[in-house]
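The exercises below are meant to be worked through with the model open beside the text. Try each task before reading its solution, and check every step against the structure.

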Amino acid sequence: MAARLIDGKAVASEVRARVASEVADFTAEHGHAPRLATVIVGDDPASEIYVANKHKACKEAGMGSVHHGLGGETTEAELLELVAALGEDEDVDGILVQLPVPEQIDPDRVVAAIDPGKDVDGLTPVNAGLLAQGMPGLLSCTPAGVMELLRHEDVDLEGAEAVVVGRSRLVGVPVARLLLAANATVTVCHSRTRNLAAVCSRADVLVAAVGVPRLIGADAVKPGAVVIDVGMNRGEDGVCGDVDQEAVAEVAAALTPVPGGVGPMTVAMLLVNTLTAARARV
Ligand code: NAP
């Protein structure tokens, strides 16, 4: 059996086109476009690329965006001051502080200082808490992208066995909460899980968000499962996921490629969140 590849690029461009059309309506109605503010502290090359892509996506969707590049010596107090100013800035709808930040800055304090209504990364304790309580808030972009892919693929989550490998605040936990909200029966695995492959092989829907190249092999996948590979592991041969794509494609019904699966969805969902945040502020 060769798994169907879930084309994240195509789904993301559908989402982006839909957002662009809604942004045009928003702009016509309110006289201004939604606007995203991004912040990078230091000169991490990967952060520069991610943020440049986010600005390009904003532009293509007809949104405004402004960037604040701060030097690597910036103090936590200086960054908190900027975050507070962006929170008060009437012209800013979304705030994204690209992580990681240099070691003199506590990322948790910075994230917690972002105005929850402008928290388009969905990472503040307020938005994480709303998600935990099943209440509406801004959703973390990658988990929201995973759910959008499952929706697009018409995956029936009601009563399905879902296994999430990884329990990070950024991906694993919010994905698990969203799957639970969609009425899946959810198991969360992590580095201390015993017999990982056996637990994973129960899954109708398996989401890998680990950061270990090709950790999930064919023995961990139930025949006919839908496998979402969130992993983005950079090595000498380029980027690979947390799933052994070649082996798992022989067992799964559907699989997201890396690259071209979950990755493009993250930027698309950032645009969705920025529009949502802007709508809530008018
Ligand atoms: P993270 O914070 O490092 O969390 C990794 C999780 O995996 C932890 O919960 C850890 O368990 C668990 N883990 C580590 N080794 C394991 C093992 N051998 N068996 C089972 N579980 C194990 O990483 P993250 O931020 O969630 O990111 C995960 C992956 O997704 C990375 O490759 C990252 O680059 C990628 N990612 C992609 C996107 C995208 O847009 N496509 C966005 C975000 C992240 P413990 O909690 O016990 O330590």
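**Exercise 1. A loop residue**

In which loop does Thr 74 lie, and is Thr 74 buried or exposed?

Solution. Keep in mind that this is a predicted model. As a first step, follow the chain from strand 3 (64–70) towards helix 3 (76–88), and Thr 74 will be found in the loop between these two elements. Next, consider the accessibility: the cut-off for a buried residue is under 20% relative accessible area, and Thr 74, with a value of 9%, therefore counts as buried. Then look at the side chain of Thr 74, which reaches the backbone oxygen of Gly 71 at 2.6 Å. Finally, set aside the neighbours within four places in sequence, and the residues in contact with Thr 74 turn out to be Val 41, Leu 79, Gln 104 and Ile 105.

**Exercise 2. The open sheet**

Work out what order the strands of the open sheet of 6 strands take, and which strands stand at its edges.

Solution. The order of the strands is 1-11-8-7-5-6, and the pairing is parallel. Strand 1 (4–5) and strand 6 (185–189) are the edge strands; each of them has a single partner strand, so one side of each is left without a neighbour in the sheet.

Now go through some of the pairings. Strand 5 (residues 161–165) runs parallel to strand 7, to which 4 bridges join it, and Val 164 stands opposite Val 207 of strand 7. Strand 7 also pairs in the parallel sense with strand 8 (residues 226–229), again over 4 bridges. Here Val 205 has Val 226 as its bridge partner in strand 8, while Ala 208 stands opposite Asp 229. Strand 8 is joined in turn to strand 11 (residues 254–255) by 2 bridges, and these strands run parallel too; in this pairing Val 226 stands opposite Ala 254.

**Exercise 3. Two faces of a strand**

Determine which residues of strand 7 point one way and which the other way, and then do the corresponding task for the sides of strand 8.

Solution. Begin with the general rule that, in a regular strand, the side chains alternate between the two faces of the sheet. In strand 7 (residues 205–208), Val 205 and Val 207 point one way, whereas Leu 206 and Ala 208 point the other way, and all are buried. In strand 8, Val 226 and Ile 228 lie on one side and Val 227 and Asp 229 on the other; all are buried, and both faces of the strand are thus covered.

**Exercise 4. A residue at the start of a strand**

Describe the surroundings of Asn 233, stating which side chain makes a polar contact with its side chain.

Solution. First locate Asn 233 in strand 9 (residues 233–235). Its relative accessibility is 10%, and Asn 233 therefore counts as buried. The side chain that makes the polar contact is that of Asp 242, at 2.9 Å. Beyond residues up to four places away in sequence, Asn 233 touches several others, among them Gly 211, Val 212, Pro 213 and Cys 240.

**Exercise 5. A helix residue**

How far apart are Val 267 and Cys 141 in sequence and in space?

Solution. Val 267 belongs to helix 10, and with a relative accessible area of 16% this residue is buried. Along the sequence Val 267 and Cys 141 are 126 residues apart, yet in space they are 7.4 Å apart, taken from C-alpha to C-alpha. If residues up to four places away in sequence are not counted, Val 267 touches Arg 16, Asn 53, Lys 54 and Ala 57.

**Exercise 6. A pocket and a cavity**

Which elements give two or more residues to the lining of the second largest pocket, and which residues line the largest cavity?

Solution. Start with the second largest pocket, whose volume is about 200 Å³. Of its 14 lining residues, Leu 139, Ala 144, Arg 151, Leu 178 and Met 269 lie nearest its centre. The elements that give two or more residues to this lining are helix 6 (141–152), helix 7 (172–181) and helix 10 (263–281). Sorted by class, the lining has 8 nonpolar, 3 polar and 3 charged residues.

Turn next to the largest cavity, which has a volume of about 30 Å³. Leu 96, Val 97, Val 111, Ile 114, Asp 119, Asp 121 and Leu 123 line this cavity, and by class they comprise 5 nonpolar, no polar and 2 charged residues.

Key: Residues are numbered from 1 along each chain as its sequence is written. This is a predicted model: local features need pLDDT of at least 70, side-chain atom pairs count only at pLDDT 80 or more; totals for chains, interfaces and linings use all residues. Side-chain values use heavy atoms; hydrogens and water are left out. Buried means under 20% relative accessible area, exposed over 50%, partly exposed in between (1.4 Å probe, protein chains only). A polar contact is a pair of N or O atoms within 3.5 Å; within protein, one must be able to donate a hydrogen and the other to accept it, and residues adjacent in sequence count only if both atoms are side-chain atoms. Contact means heavy atoms within 4.5 Å. On a 1 Å grid over the protein atoms alone, a cavity is a set of points where a 1.4 Å probe fits but cannot get out, and a pocket is an open set with protein on both sides within 12 Å along at least five of seven lines; lining residues have an atom within 4 Å of a point. Grid points are joined across faces, edges and corners, and a volume is the space filled by probe spheres set on the points. Ala, Val, Leu, Ile, Met, Phe, Trp, Tyr, Cys and Pro count as nonpolar, Asp, Glu, Lys and Arg as charged, and the others, Gly among them, as polar. Two strands pair if DSSP finds at least two bridges between them.
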